[in-house]
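Visitor: I should like a close look at a single part of this structure, followed by an account of what surrounds it. Please keep to a formal description and set out the reasoning wherever a conclusion depends on it.

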Amino acid sequence: MIVQRHDDGIAVLILNRPERANALSKQLLLDLRDTLEDLKTDRSVRTVIITGSGEKAFCAGADLKERSGMAAEEVKHAIKRIGRVIGEVERLPQPVIAAINGGAFGGGLELALACDLRIAAIDARLGLTETALAIIPGAGGTQRLPRLVGPGKAKELIYTADRLTGEEAERIGLVEVAVEKKHVMERALQLARKIAKKTGH
């Protein structure tokens, strides 16, 4: 995790495993959990942005390479850990913006769904792709996605494991806005500053 704190009350959390498409390893989840715990009570932070390191991925979801070396009981714990940490993102008292700079699949999209607002690159790819692996979304995606796009569209996306572009995701209300990749962080910071001003009184 890289944590950048700005003077204007914004904290930017960067998932920093670009070589693994910022996949949620055990260590990254622990680091994210600890960071969220610190932010919870930090009154100087009024808005939080979560993004991914590198050009290609926001977050590819669970680290399946790491998981392949786990025993069945460890896998159960790993799945629960992802759900718990993503739940902590949703419960953070500050507004949270997902700056989706690249691919957001499986648990990566579930992480974005737990944020309050989502800004995506036009050409980012997003999807709850678990059914392609004969599993189902296990970190709240089956509940959070229907709230944004409606039950029918959510079922279609989950059953088919379809991947949407950022532009398509904006059209169905999965993200608030889609912009050119180079402008994703700039747009997220603009929105964060606007929110921070309103919550800083």
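Guide: In the hairpin formed by β1 and β2, four residues lie between the strands, and Gly-9 has a positive phi near 85°. The model is predicted, and every value quoted here is computed from it. The two strands of the hairpin run antiparallel and are joined by four bridges. One of the residues concerned is Gln-4, whose bridge partner in β2 is Val-12.

The hairpin belongs to a wider arrangement. An open sheet of six strands follows the order β1-β2-β3-β5-β7-β10, and its pairing is mixed. The edges of this sheet are taken by β1 (2–5) and β10 (177–179); each has a single partner strand, so one side of each lacks a neighbour in the sheet. Between neighbouring strands the average turn is 20°, direction ignored.

From the hairpin, the next step in the sheet leads from β2 to β3. Strand β2 (residues 10–15) pairs with β3 in the parallel sense, over six bridges. Within this pairing, Ile-10 stands opposite Thr-47 of β3. Beyond it, strand β3 (residues 47–52) pairs with strand β5 (residues 96–100), again in the parallel sense, over four bridges. Here the bridge partner of Ile-49 is Ile-97 in β5.

How far is β3 enclosed by the rest of the structure? Six of its six residues are buried, so β3 is largely enclosed. The burial concerns both faces of the strand: Thr-47, Ile-49 and Thr-51 are buried on one side, and Val-48, Ile-50 and Gly-52 are buried on the other. Thr-47 thus appears twice in this picture, as the residue opposite Ile-10 and as part of one covered face of β3. Ile-49 likewise combines a bridge to Ile-97 with a buried position.

The loops that lead into these strands deserve attention as well. Ala-21 lies in the loop between β2 and α1 (26–40). Although Ala-21 is not a glycine, its phi is positive, near 55°. With a relative accessibility of 27%, Ala-21 counts as partly exposed, because that value falls between the limits of 20% and 50%. After α1 comes the loop to β3, in which Thr-41 is found. Thr-41 is exposed, at 67% relative accessibility. Thr-41 and Gln-94 are separated by 53 residues in sequence, but their C-alpha atoms are 9.8 Å apart in space.

A second sheet can be described in the same terms. This open sheet has four strands in the order β4-β6-β8-β9, also with mixed pairing. Its edges are formed by β4 (57–59) and β9 (164–165), and each has one partner strand, so that one side of each has no neighbour in the sheet. Strand β4 runs parallel to strand β6 (residues 103–105), to which two bridges join it. In this pairing, Cys-59 has Ala-104 of β6 as its bridge partner.

Cys-59 also raises the matter of disulfides. A search of the whole structure finds zero. Cys-59 takes part in none, and the nearest cysteine sulfur, that of Cys-115, is 11 Å away. From the side of Cys-115, the closest cysteine sulfur is that of Cys-59, at 11 Å; this is too far for a bond, because a disulfide requires the sulfur atoms to be within 2.5 Å. Both residues are buried: Cys-59 has a relative accessible area of 0%, and Cys-115 has a relative accessibility of 4%.

The approach to the edge strand β9 includes another unusual backbone value. Ala-161 lies in the loop between α6 (151–160) and β9, and its phi is near 60°, positive although the residue is not a glycine. Ala-161 is buried, with a relative accessible area of 12%.

Finally, the structure contains two cavities of 30 Å³ or more. The second largest cavity holds about 30 Å³ of space. Its lining consists of Leu-109, Leu-126, Gly-127, Leu-128, Leu-157, Asp-162, Leu-164 and Leu-174. Six of the lining residues are nonpolar, one is polar and one is charged.

Conventions: Residues are numbered from 1 along each chain as its sequence is written. This is a predicted model: local features need pLDDT of at least 70, side-chain atom pairs count only at pLDDT 80 or more; totals for chains, interfaces and linings use all residues. Side-chain values use heavy atoms; hydrogens and water are left out. On a 1 Å grid over the protein atoms alone, a cavity is a set of points where a 1.4 Å probe fits but cannot get out, and a pocket is an open set with protein on both sides within 12 Å along at least five of seven lines; lining residues have an atom within 4 Å of a point. Grid points are joined across faces, edges and corners, and a volume is the space filled by probe spheres set on the points. Ala, Val, Leu, Ile, Met, Phe, Trp, Tyr, Cys and Pro count as nonpolar, Asp, Glu, Lys and Arg as charged, and the others, Gly among them, as polar. Buried means under 20% relative accessible area, exposed over 50%, partly exposed in between (1.4 Å probe, protein chains only). Two strands pair if DSSP finds at least two bridges between them. Axes are lines fitted to C-alpha atoms, for helices over the stretch in contact, and angles run from 0 to 180 degrees between N-to-C directions.
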